Structure formats: structure tokens, C-alpha cells
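Here's a quick briefing to read with the structure open. Take a look at the model below, then work through the notes.

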Amino acid sequence: MRERIEYKTPDQVRVMRRAGLVVADIHGALRDAAAPGVTTAELDDVAREVLDRAGARSNFLGYHGYPAHVCISVNEEVVHGIPGDRVLADGDVVSFDCGAVVDGWHGDAAFTMVLGAADPQDLALSETTRRAMWDAIAALAGGGRIDVVGAAVEDAVAAHAAAGYEPLAVVEDYVGHGIGSAMHQPPDVLNYRAARRGVRLRPGMCLAVEPMLTRGTIETTVLADDWTVVTADGARAAHWEHTVALTDEGIWVLTAPDGGAAELESRNVLIAPLS
Ligand code: MF3
Ligand code: CO
């Protein structure tokens, strides 16, 4: 049996926007605080403080027993890294993934940054993952089926290689998801082309679009902590994510401060924020 998709009313999307803006605030605080010499546990505290100030709840803390407010994944860690006493270092590739719940409605977003003196190939890894995410979000605005996401991500990866950079690989073991009154809902949002086209895009859908790319293999393994996902070959990885609403008027990137206006305008897409 197919699981049911939760179609949101405009009022529900408005509450999700409030959650999305809390997530955006956490990202801003993390970006400002992240630096060589800082521990990942200190950055988890930064996230908790923003959540507390906003009166929002973390959807990560306690999720299947997850012990923190943010996933912080460094270098060969792809996703679900647990904050702790690790000290961040110059040149580290650091992915931050976190969410917030406001009045029962969820936001979820991730970004990657390279600290200090960066390897140009690491910068290219993060930048292409970011571009793949925005291309996929722009593709959602065109309608059709959910497979437009995987096509856009694969096209961005192909363009990256065609431009002469070392090739990147699309992780398939973890995918994006529907989001709303729970953090993870149907449908799955694949970052690669698959045989099945997937569900038709409809107003009221809210989707977390979250490509993960690596500089090596797509194979991943989970560390003994039962959470941290690493590349099997130790290659570095990046992860970008936004929560996106499809409405009758168009699309709205709920976890982006500007609703996605700037990135989507450069892709000839106008956002449609609800008033
Ligand atoms: N944020 C992840 C996702 O993007 C889920 C993290 S689960 C947690 O879907 F338990 F680590 F919080
Ligand atoms: Co997610």
C-alpha cells in the first residue's frame, strides 16, 4: 500500500514558514560560530540557544534516540554526525543539519561550509552540492513528477565534471522526504534518476530537498555509534537541504530567509510567498 501524502493548507504552510525561519536563524548562528578550535558540542549549544530564544522545539533531539539538536558531519562523514568533543580544524568540510518545530509543524535544512584555508576541490564539492539543491528546487516549480529532483541533481553533477573538476558522486542510501506535521513523511525525494517516475507534484506538498555528494564513492557505512554515516572510501562529502512548499501560487522555500527569491530568480523562477 502506498503511504498517504499530507497536503497542507495555506495556514499550515504559514506555520511551517515560522519553523523554517527558526531553522534559518540557527544556520546563521552556526555559520558565525563555526571556526577552527571550536568543538562540535559547543555548536550544538549555539543551536539550542536559538531554539530556546524562539520558543521552538528541536525535532532532532530524541528522534529515534538522537542525542543532539544538530547533526554535524565532518569531512568523510556524510550525515548524522553527533556533536561532541571533536575540535574543528582548518580545512575541515563541515555539514550542519538541523530542524525546528513550531506549533506542531516542522522545518528541516542543512548546509556545508569549509573552514579556513580550503582545498579548492572541497569548495567545489560544497558549491556543486548547493547548486544541485537549488537546481532541483527550481525544477519543482516546473511541475510534473518528483523525479525532476533526481534529474536536476544528476545534471548538476554532470555539468561539474564537464567543467573539468574531479567528478562527484550522488549518495543514494539517504534521500529527501515529505515534511509537515512530522519531520519525515512520504514521499521519498530521490537525488538520482530511477526507473519509477514517482508521484505527481501537487499544491500542498512540502518537501525536504537534500542532495548529498561525495568526492569518491557512493557507498556509505555507519560507524559504531549507530548514527554517523561515512563514505566507505573516506572521500569527503557535502550536504545541502531546504524545506520547500508547493502551493496554488507556486513555490516557497520555507527555510531560506528570502524564501528562495535570489537563487530562483537567477533560474527564471519567481517565488510565491503566502501573505
Ligand atoms: N535531518 C535529517 C534529514 O534531513 C534527519 C536527521 S535525523 C536525526 O532528514 F535523528 F539525526 F536527527
Ligand atoms: Co531532511
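For sorting residues, Ala, Val, Leu, Ile, Met, Phe, Trp, Tyr, Cys and Pro count as nonpolar, Asp, Glu, Lys and Arg as charged, and the others, Gly among them, as polar. On that basis, the shell around ligand 1 has 5 nonpolar, 3 polar and 4 charged residues. Keep in mind that this is a predicted model, where local features need pLDDT of at least 70 and side-chain atom pairs count only at pLDDT 80 or more. Residue numbers start from 1 along each chain, and ligands are numbered from 1 in the order in which they are written.

**Around ligand 1**
- Its neighbours (a heavy atom within 4 Å) include Phe60, Tyr63, His80 and Trp227.
- An oxygen atom of ligand 1 pairs up with side-chain N or O atoms (polar contacts: N or O pairs within 3.5 Å) at 2.6 Å for His184, 2.8 Å for Glu210 and 3.1 Å for Glu241.
- The protein covers 96% of the 340 Å² of accessible area (Shrake-Rupley method, 1.4 Å probe) that ligand 1 has on its own.

**The cobalt ion (ligand 2)**
- Which residues are the protein donors of the cobalt ion? They're Asp108, His177, Glu210 and Glu241, lying 2.1 to 2.3 Å from it (donors are N, O and S atoms within 2.8 Å of the metal, or 3.2 Å for Na, K and Ca).
- Along the chain, these donors follow the spacing D-x68-H-x32-E-x30-E.

Definitions and conventions
Heavy atoms only, no water. Polar contact = N/O pair within 3.5 Å; in protein donor to acceptor, adjacent residues only side chain to side chain.
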